[in-house]
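Reader: I am new to this structure and would be grateful for a close look at a single part of it. Please choose one chain, follow its parts in some detail, and then place it beside its partner.

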Amino acid sequence: MPKRNLLVSLISILVVAFGLFLGNIIVGNTPSLGLDLQGGASVTMTPIGEYEEAALSVAVDIIRQRVDSIGVAEPEIIRQGDTVVVNLPGVKDQQQALDLIGRTGAVEMRPVLRTAENPENTTTTTGAKGATTTTVKGATSSTVAQSSTTLAPPSGGGGESRGRAVPQTTVPVATTVPGTDPETGLAPGQTVYAGQKDGLIYLLGPAGATGEVFTNEATAQIDAGGWAVSVNLRDGAAGEDQWNALAKQCFEGGEGCPSKQIAISLDGEVISAPVVQAPSFNGSVQITGSFTEKEANDLARILQFGAVPVKFDTPTVQTVSASLGEDSLKAALVSGLIGVLLVLLFLIFYYRLIALVVVAGLGVSGLLMWSVISWLSKTNGLALTLSGAAGIIVSIGVTVDSYVVFFEKLKDDVQAGRTMRNSAARGFDSAWRAIVVADTASLIGAGVLWWLTVGSVRGFAFFLGLSTLIDMFVSYFFTRPSVLLLARTKLFNNGKVLGVRGTSTAAEVA
Amino acid sequence: MSGRWQRLYRGETTINFYGRRNVGFIASGLLLFVTIVSLFAQGLNLGIDFKGGVAFEMSVNGKITVEEARSILEENKVEASGAKIQTLSSGADERIRIQLEVLEPKVEESVREDLATKVGIKAGDVSIEKVSATWGRGITRDAVQALLTFLVLVSLFIAWRFEARMAAGALAAVVHDVLISVGVYSITGLEVTPATVVAFLTILGFSLYDTIVVFDKVDENQKRFANTRVPYADIVNVSMNQTLMRSLNTTVAAVLPVLSLLVLGSGVFGAVALQEFALALLVGMATGAYSSIFIASPVLGLLKERSREYSALRGQVSIGADMAHVMATGTPQSRRARQVDNAASTDASIPTPVPAVEAILSHPPRPRKKSRR
């Protein structure tokens with residue numbers, strides 16, 4: 001092995017390790033801590049009964065939105081097969097957490113009684129979830145209903161051919177309640193829901209139908225120049241009849257539904273409030289309006305799975321107090337560091353000068369490990385848990401073993417009379433073989449555990465696997481060049497640096 | 001440093017491990033027997049994560065005792081006899097943990113409120129851990145499945161990389177370690193938590209790792225001695241003596257951080273969560289190091305001695321200076337020389353004088369030819 005290659009390898013890994021470390025520091029990535037180290041609540045959920053794969057990911061998205069809405073710092077929502085684990089660091093009251101995520105994603109259709117600008121939030125942002133804002137805009141600016149949301153049977157079955165041509169229907173909405181407080185004069189069965197993002201408050205009547213009236217086929221497509229969502233109705237009393245009763249009520253615009261709008265709400269939040277364009281629908285419903293592609297897709301998804309909301313069971317709930325977590329973290333850190341220090345002292349005592357390579361090697365491993373964990377914390381929501389920390393502490397043993405295997409081979413050879421330089425190359429070859437085989441077995445173990453288990457065992461497996469990979473990487477790209485290069489120096493070409501009398505024995509024989 | 005220690009330090013030991021295999025087998029047999037008896041007699045103390053249940057945990061604040069907690073349970077008509085109530089002190093904070101079977105949601109809520117009132121905190125500050133019974137069973141099943149898959153895959157890997165008999169030896173050692181670790185938990189009645197499972201798996205991985213490094217040496221020696229009539233017992237002995245220092249050093253290096261976790265982490269800092277974990281690891285690592293020497297290699301030796309290749313030389317073993325000779329030269333002493341030697345020194349643990357340098361280095365080492373690699 002030419003000297004230049006060794007130097008290149010050594011310098012490269014040092015640059016990579018320090019580069020990654022500094023890079024992460026500059027970007028501001030730090031390892032995020034798991035619940036057991038930080039305190040907080042953790043809820044595991046498993047779906048009950050039959051459900052569709054896609055419905056589960058929608059359910060997870062919905063949960064994520066809810067968790068985000070209460071402003072938990074760095075929530076962690078992990079899907080492990082069918083199981084969904086929700087970690088809420090810093091949340092002390094787990095009842096609140098449970099209530100929040102325990103709700104099923106229920107889609108309801110309610111007649112809109114009145115709409116008003118939310119006095120606290122008059123600046124309307126772009127409607128995130130539908131075209132409800134534009135309903136009012138369309139009314140006040142009285143442009144053609146290009147910007148209003150409308151409901152119509154797709155093939156004009158019964159009503160106007162397309163709802164777009166009737167902007168007047170939306171006018172009463174804005175004029176009935178110009179700026180009045182919608183919370184006054186609530187009739188029984190009426191509820192106020194706020195579509196906060198749209199800056200609108202809706203006063204809604206009793207639910208006329210649930211998401212169950214739709215089949216789970218809803219599509220978003222481009223129709224007459226804009227995005228539209230069409231969804232099919234179920235046959236019979238549970239579907240079409242129920243929906244048509246509501247549609248008829250709203251189309252007539254009577255007392256129960258003066259606005260002629262039907263609000264589609266998910267868990268109480270109004271997603272969209274289209275104006276009804278026909279008294280009865282035959283098999284399918286089309287919702288048009290100035291949707292963006294994303295909005296249309298979101299609405300389609302909600303309608304699709306509102307019909308089959310995944311019901312969750314919460315088999316485990318766990319809270320860790322912050323003080324307990326902090327104690328564990330401090331203890332694990334301090335004792336881990338002291339443990340490493342003891343190991344290094346032992347190695348220096350036993351292997352003398354060459355053990356300095358281990359000190360530097362562990363440093364490089366540490367930098368790499370820190371960088372990878374920080375980076376994954378940022379990008380994949382990985383969190384360092386107590387069992388993960390344990391995996392790392394344990395891996396110190398495995399990492400040090402790579403050096404021990406190497407140095408023992410070195411000692412054997414030097415003792416048998418070979419030169420240090422000669423032994424280093426030979427020793428590494430055979431040590432590397434042992435390291436690869438043993439580490440592969442560890443990796444198989446980590447992989448199997450990661451695939452087949454959930455929770456803490458999985459966290460442990462991940463960190464074990466990670467540290468094993470780093471061990472192999474550092475052994476080859478750091479330990480090998482540094483020992484091989486050192487072995488060429490005069491100082492090291494003497495068994496004494498290893499604590500053996502190797503070369504002198506050979507001299508006696510000769 | 002002199003005598004035995006120096007030889008150990010310099011890797012010049014000639015301990016007849018294989019000849020004393022029965023010592024290890026009998027010791028392990030006894031331990032396994034005790035484990036099995038204990039498992040049948042009192043089983044394992046499974047935590048709620050495995051069998052389902054509710055656990056309340058809160059600060060004591062100096063206002064509640066175990067008896068008082070028990071009476072609160074009774075007031076709520078909860079079967080208090082099955083409850084596990086313990087106080088945990090972590091740092092300055094003393095906490096109480098009450099572990100129960102699965103409760104009705106209403107009962108659970110009222111117990112929580114009563115406990116909170118007693119201590120004078122909000123109900124939200126009493127942390128609850130809930131695990132349903134089905135989930136617990138599922139977790140246990142998953143863990144066992146993962147374990148079996150792991151063992152099968154690793155055995156296949158060893159069989160492919162080395163040979164099937166080594167896979168058998170490694171498997172025997174790993175199963176031995178897991179059983180004994182489980183036995184320690186059964187006998188002491190320590191609660192089995194997910195952290196314990198993690199510890200068991202670590203032990204398993206560590207034991208396997210250790211065994212593989214030893215087997216790698218055996219494999220190397222097997223090739224080295226392929227052209228000489230060396231009994232397999234010698235190959236095992238030579239390999240184990242050569243890797244002895246590695247095994248000891250690695251064990252020390254692995255145990256030191258764990259020991260620090262146990263003594264400092266849980267002793268000085270009072271992090272209870274770490275204590276049992278570290279304890280399980282410590283026991284397991286010791287067993288792991290022991291089993292790769294006293295179980296894995298002897299089992300391999302027993303199997304290989306009966307193979308066609310080595311059966312002719314079965315029962316022969318070079319000890320003492322003979323072993324040093326085999327180790328250094330790669331050929332056994334002639335039979336006559338061996339008989340004479342055996343009469344002189346029968347036990348390798350008696351410090352025999354280091355063989356003369358000329359005897360070991362009858363063929364001076366030479367750099368390996370380039371063409372061989």
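Author: In this predicted model, 46% of the 373 residues of chain B count as buried. The secondary structure of chain B consists of 13 helices and 6 strands. If one takes the contacts in chain B between residues at least 6 apart in sequence, 78% of them join residues at least 24 apart.

One such place in chain B can be followed residue by residue. B:Lys118 belongs to helix α5 of chain B, which covers residues 105-119. Is B:Lys118 buried or exposed? The answer lies in between: it has 16 C-beta neighbours inside 10 Å and therefore counts as partly exposed, since a residue is called buried at 20 or more such neighbours and exposed at 12 or fewer. Although B:Lys118 and B:Ile64 are 54 residues apart along the chain, their C-alpha atoms are separated by 7.1 Å. B:Ile64 is also among the residues that B:Lys118 touches once those up to four places away in sequence are set aside; the others are B:Lys63, B:Glu68 and B:Ile72.

Two of these partners, B:Glu68 and B:Ile72, lead to helix α4 of chain B. Two packed helices are described by the angle between their axes and the distance between the axes. For α4(B), residues 66-75, and α5(B), the axes come within 10 Å and cross at roughly 145 degrees. The crossing of these two helices, α4(B) and α5(B), is right-handed. On the side of α4(B), the meeting residues are B:Glu68, B:Ile72, B:Leu73 and B:Glu75, while α5(B) contributes B:Val111, B:Asp114, B:Leu115 and B:Lys118.

The loop that precedes this helix also deserves attention. B:Val102 sits in the loop between β4 (93-100) and α5 of chain B. With 15 other C-beta atoms within 10 Å, B:Val102 is partly exposed. The C-alpha atoms of B:Val102 and B:Lys130 are separated by 7.8 Å, with their positions 28 residues apart along the chain. Leaving aside neighbours within four places in sequence, the contacts of B:Val102 are with B:Gly52, B:Gly53, B:Val54, B:Ser132 and B:Ala133.

B:Ala133 opens the way to the partner chain, as helix α6 of chain B spans residues 133-161. The axes of α6(B) and of helix α12 of chain A, residues 420-452, come within 9 Å and cross at roughly 155 degrees. The two helices are therefore roughly antiparallel to each other, because angles over 145 degrees are classed in this way. The crossing of α12(A) and α6(B) is right-handed. Residues of α12(A) that make the contact include A:Val437, A:Ala441, A:Ile444, A:Val448 and A:Leu449. From α6(B), the participants include B:Ala146, B:Phe150, B:Leu153, B:Val154 and B:Phe157.

A:Leu449 appears again in the interior. The largest nonpolar core has 135 residues, and A:Leu449, B:Ala170, B:Ile212, B:Val258 and B:Leu281 are those with the most contacts inside it. Taking B:Leu281 as an example, and leaving aside its neighbours within four places in sequence, one finds contacts with A:Val394, B:Ala199, B:Thr202, B:Ile203 and B:Val258. Another core, of 45 residues, lies apart from this one, and A:Ile201, A:Val270, A:Ile271 and A:Ala278 are among its members.

Chain A may now be described in its own right. It has 14 helices and 17 strands, and buried residues make up 52% of its 510 residues. Of the contacts in chain A with a separation of 6 or more, 76% are accounted for by residues 24 or more positions apart.

Two strand pairs illustrate chain A. Strand β15 of chain A, residues 284-291, is mostly covered, with 7 of its 8 residues buried. It runs antiparallel to strand β11(A), residues 226-233, and 6 bridges join the two. Within this pair, A:Val231 has A:Val285 as its bridge partner. The other pair is formed by β3(A), residues 76-80, and β4(A), residues 83-89, which run antiparallel and are joined by 5 bridges. Here A:Arg79 stands opposite A:Val84. The two strands, β3(A) and β4(A), form a hairpin with 2 residues between them, and A:Gly81 in the turn has a positive phi of about 65 degrees.

A positive phi, near 60 degrees, also occurs at A:Arg352, a residue other than glycine. A:Arg352 is found in the loop between α9 (322-351) and α10 (355-380) of chain A.

Methods: Residues are numbered from 1 along each chain as its sequence is written. Chains are lettered from A and ligands numbered from 1 in the order in which they are written. This is a predicted model: local features need pLDDT of at least 70, side-chain atom pairs count only at pLDDT 80 or more; totals for chains, interfaces and linings use all residues. A nonpolar core is a set of buried Ala, Val, Leu, Ile, Met, Phe, Trp, Tyr and Cys residues joined through C-beta atoms within 7 Å. Two residues are in contact if their C-beta atoms, placed from the backbone, lie within 7 Å. Two strands pair if DSSP finds at least two bridges between them. Helices (H or I, at least four residues) and strands (E, at least two) are DSSP runs, numbered from the N terminus. Axes are lines fitted to C-alpha atoms, for helices over the stretch in contact, and angles run from 0 to 180 degrees between N-to-C directions. Angles under 35 degrees count as roughly parallel, over 145 as roughly antiparallel, 65 to 115 as roughly perpendicular and the rest as oblique. A crossing is left-handed if the near helix is turned anticlockwise from the far one by less than a right angle, and right-handed if clockwise.
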